[in-house]
Amino acid sequence: MAKVISSNLGYPRIGKQREWKKALDKFWNGKISEKDLLEETKTVRLEGLRKQKEKEIDLIPVGDFTLYDHVLDTAVMFGVIPERFQTDCTGTSLETYFSIARGTQNAVASEMTKWFNTNYHYIVPEFNESKPSLKENRPLDFYNEAKEELGIEGKPVLLGPITFIKLGKGYEEGEFPTLVEEFLPLYIDVLTELKEAGVKWVQIDEPIFSTALTKEDIVQAEYVYESFAKVIPEVNIIIQTYFESVDSYEKIVNLPAAAIGLDFVHGNSLEQLNKHGFPKDKKLAAGIIDGRNVWRQDLNHQIDLLESIAEIVDKENIIVQPSCSLIHVPVTTESEKALDLVIKEALSFADEKLDEISILARGLERGKESVLLEIRESTNAIEVLNHSDYRQQIVKNPAGSLSTERELVFKERIALQKERLQLPLLPTTTIGSLPQTAEVRRERLKWRKGEITDQAYEEYIKNEIKKWINIQEEIGLDVLVHGEFERTDMVEYFGEKLNGFLVTQFGWVQSYGSRCVRPPIIFGDVTFDRPMTVKESVYAQSLTQKKVKGMLTGPVTILNWSFVRDDISRFDVLDQIAVALRFEIEELEKNGIKIIQVDEPALREGLPLKSENWDQYLNRAVHAFKLATASVQNSTQIHTHMCYSDFQDIFETISALDADVISIENSRSHGELISTFKENTYDKEIGLGVYDIHSPRVPTKEEIKANVNRALQIIPSSQFWINPDCGLKTRQETETIAALQNMTEAAKELRKAQLADVHTN
C-alpha cells in the first residue's frame, strides 16, 4: 500500500493563550531581557511542533515561526536593512530587527501592508539602501532545534525569491532580473547548508504565483528553480502557492521541483488539473482543508475531491495539506468552554484542521471505508448546525427597496455641512480609538467576570471618556472622538452586539507584530437588535461644544475581518451587515451626532487576487457602504477610513463610496500615496495620515508640517484634514498626547500660512 504523505504549511505563532504576544509586550516594555524573550518564545514554538508531531503530520514546517513577521525575517536574514537603521541602531541584531518594524525616535519604521488579501500585515522590504548578503541561516537553525529538541525531521520553510522581491520596494520594474541575480546565490547558500545538514524536504513559499505574472516573472521563476535543481538536486523542494489557483498553470507545475503546492479550496485548481494534467515526476501538494476559515469541512466531500485528484495523479504522489498556513485561524477549539456545542462541534481551528488532514491522508491511503466513522462525525456536525434554529430563518434580499443614494450630490451637501459644522481650514481630528491602558483592560476583564456591576463599569467608561474629551480640548483638536474605551476590537465589538455573530474567548489570530485580534464568527443571519454606540457618543457630545464623531466599523471590514458562514453567499451576508449598520447610523443621527465615521480599512484587502473578479467585489462593496450610509440628512457628514493598501487599484471605488471625508494611511508609506492623487483628481475631502501610529516614536512638529505640505502640493487645503494614520488604541498616553500636540501645533502654523497666502494673493 502506497504511503500518502500529510503536511502542514505553517502553525499559529501566538500560543494557546497568546504567550508569544505577552512575551513580546513584556520585552518591549523593559520587563524581561532578550534572553527571557527568546526562551519564552522557544517554549511556544516547541509546543506547536510537538502538537503537530502528536497529530501524525508527516511534513512538519520549521522556520515558519517569527518574532514579528516572516517577510521581515527574510529581509534581515539577507541583510536587507535600510540605511537609517544601520546607523541608528548600535545594539543587538534583535534591536535592529524590531527597529525596522517599529521605528525609533530618529528613524521611521518601514512600511507595513497587507499580506495579499488577508488581515495579516507584513513589513515591506526596502531594496534600494542595502547590499544583500547572507547574515544567518534561520531555516537551518530552526531545523536543528526541532531535530535536537523533539526528534522531528522538519520541513524548513522559506519565502521564495520571486515573491520576496515582488513584495519589496525601492527598485524599478526593469531592475527585477538584477535583484534576482543578487539574491539567487544567497538562496543557494541557504539550501546548500540545509542539504549538508540532511534536510529532505524544503517548502519554498511563492504565493505571488497565484497572482497575474508577467512573461518576465515567468522567465525569472524558471531561471531561479532551474538553478536550484542544477546546484542542489538532492533537496526535495516544494514550490508552494496558496490563496488562489495559479494563472500560468502549465508553466508553474513544470518548474523543476520535487512537488508543487496548489490551493484546491480557492480558485479553479481542480479544473486546471483536469484540463492540463500534472507532471508524472512530481508530487502534488493538494491544499484541500481551508486554512482561512473556521468551519469544519465535510470530509466526505473532501475525500471525494482527493479521489478526483487521484484520477490524474497517483496516490503516492499526493501530499494532503491545508490550503495555506494556519496562522490565519485560532489555535484550538478546546479552549472554548462557553460555546454552544451545536456551533462548537461545527468549528475547526488549527489543531482540528491538522486532525482533518491526518484523517484525509489516511482515508486516501487506505480507502474511504477506513475513516467512515470520522466522516460521519464531520457530516453530522455540519448537518446539525445547518438544521438548527441558528440557520432556520434565512434573510432574503435584506436590502429590499432601500435607497443607496444621498439626496444631494457631494458638491451641494458639503456646503450645508460646512455651514452647520463651522470647522476651520485644515481641521484636525483622530481616527477614532484612544489609548487603552492596562487599567482599562483590567476593568473590562473584571466586568466580564462579574467582579464589578454593569453600573460600576459604565461609570468607569464614562470617566475615561470625560478624561479624554478634556485632553482633546486641551490639545486643541477640532473634531473629537469618545475614544472607544468600551471596545476590545473594532470588529469584535460589533460582533458582540449584532445578531448572528458569536465571539470566542481564545480565538486569537495575529494581525501585525504582537497585535492579535479575535475575529467574530458569523453563524447565522445578521440583524440589528438595539443601538450599539449611541450611549457613549451622546455622552461624549454632552461634554463639549466641539463636534464628536460617531464611530462605526463598515460592512466590508466587518465581513472581511470575521469568519463568515459558508452556507450562503458572502455578498448576501455583506448586505445583511450593511442594513444592520444603517439602523445604527440613523440612531446616531436621531440623537444629535452630526459627524459619523464608518471605517473600511479592509476594503482593499478583500480585493480578489484575480483581476477578472474585481468589478463584482468592488461594486458590491460600494453598494454595501452606500446602503449603510445613504439615509442620513445632507448636513450630516459621513467619514470613512482606510489603511495599508495599494489605493491606485481602487481609486475610483474610493470616490464611488460617496463619503464626504476619507482618511487614508500615508506616513508609513513615506508619502508615496500622494502620487496617486497627482494622477487622479479627488473631489471630496480627505485626510492623508500625517504620522505613523504603529511606532512608539513621537513625530516632530516640523516632520508633520513637511508631510502636510507635501500633500498640499497636490490636494487643495480647502479639502484637506489633518489626522494620524490610524487609531491610537495601542499607544501609550504620554506619547499619544505629545504626538497630537505636535500635530495640532503644526496645523495651526500651516493654517496661518495658508490664510496668509490667500490674503496675499
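Me: Leaving aside neighbours within four places in sequence, which residues is F164 in contact with?
Reply: In this predicted model, F164 is in contact with V71, T74, A75, F78, V80, P125, F127, L159, F183 and Y187, once its neighbours within four places in sequence are set aside.

Me: And what about the largest nonpolar core, which residues have the most contacts inside it?
Reply: Those are F164 and F209, and the core they belong to has 139 residues. Helix α8, which covers residues 176–196, gives the most to this core, with 11 residues. Apart from that core lies another, of 93 residues, and I471, L480, M551 and L750 are among them. As a general background, nonpolar side chains in soluble globular proteins tend to be buried together.

Me: Switching to sheets, what is the strand order in the one with eight strands?
Reply: The eight strands form an open sheet in the order β1-β10-β9-β8-β7-β6-β5-β2, and the pairing is parallel. Its edge strands are β1 (5–6) and β2 (61–62), each of which pairs on one side only.

Me: How many of the residues of β6 are buried?
Reply: Five of the five residues in β6, which spans 201–205, are buried, so to speak of the strand as mostly covered is fair. W201, Q203 and D205 point one way from β6, while V202 and I204 point the other way, and all are buried. That fits the general pattern, in which the side chains of a regular strand alternate between the two faces of the sheet.

Me: Which strands is β6 joined to, then?
Reply: Three bridges join β6 to β5 (residues 155–159), and these two strands run parallel; five bridges join β6 to β7 (residues 236–240), again with the strands running parallel. I204 can be followed across both pairings, since L158 stands opposite I204, and the bridge partner of I204 in β7 is I239.

Me: Where does β7 go from there, and what stands opposite I238?
Reply: β7 is joined by three bridges to β8 (residues 259–263), with the two strands running parallel, and I238 stands opposite A259 in β8.

Me: What about the sheet of six strands, which ones stand at the edges?
Reply: That open sheet has the order β11-β16-β17-β18-β19-β20, with parallel pairing. β11 (479–480) and β20 (685–688) stand at the edges, each with a single partner strand, so one side of each is left without a neighbour in the sheet. At the β20 end, four bridges join that strand to β19 (residues 661–664), the two running parallel, and S663 stands opposite G687 in β20.

Me: Which strands does helix α22 lie across?
Reply: Helix α22 (residues 570–590) lies across β16 (547–553) and β17 (595–599), and runs at about 170° to β16.

Me: Back to the start of the chain: are α1 and α2 roughly parallel or roughly antiparallel?
Reply: The axes of α1 (residues 19–28) and α2 (residues 34–54) come within 9 Å and cross at roughly 175°, and the two helices are therefore roughly antiparallel to each other. In the contact, E19, W20, A23, L24, K26 and F27 of α1 meet E34, L37, E40, T41 and V44 of α2. The residues of this contact divide into six nonpolar, one polar and four charged.

Me: E47 is found in α2 too, so is it buried or partly exposed?
Reply: E47, which is found in helix α2, counts as partly exposed because its relative accessibility is 38%. The C-alpha atoms of E47 and K16 are separated by 9.3 Å, although the two residues are 31 residues apart along the chain.

Me: And I312, where does that one lie?
Reply: I312 lies in the loop between α12 (299–310) and β10 (318–322), and with 25% relative accessibility I312 counts as partly exposed. Not counting residues up to four places away in sequence, I312 touches L273, N274, G277, F278 and K280.

Me: Last topic, what is phi of L426 and of D658?
Reply: Phi of L426 is near 50° and phi of D658 is near 65°, each a positive value in a residue other than glycine. For context, most residues other than glycine have a negative phi. L426 lies in the loop between α16 (410–421) and α17 (438–448) and counts as buried at 0% relative accessibility. D658 lies in the loop between α24 (651–656) and β19, and D658 is buried as well, with a relative accessible area of 17%.

Conventions: Residues numbered from 1 in each chain as written. Predicted model: local features only at pLDDT ≥ 70, side-chain atom pairs only at ≥ 80, totals over all residues. Heavy atoms only, no water. Axes fitted to C-alpha atoms, helices over the stretch in contact; angles between N-to-C directions. Parallel < 35°, antiparallel > 145°, perpendicular 65-115°, else oblique. Contact = heavy atoms within 4.5 Å. Nonpolar A, V, L, I, M, F, W, Y, C, P; charged D, E, K, R; others polar. Core = buried A, V, L, I, M, F, W, Y, C linked by side-chain atoms within 4.5 Å. Buried < 20%, exposed > 50% of the residue type's maximum accessible area, 1.4 Å probe, protein only. Pairing = 2+ DSSP bridges.
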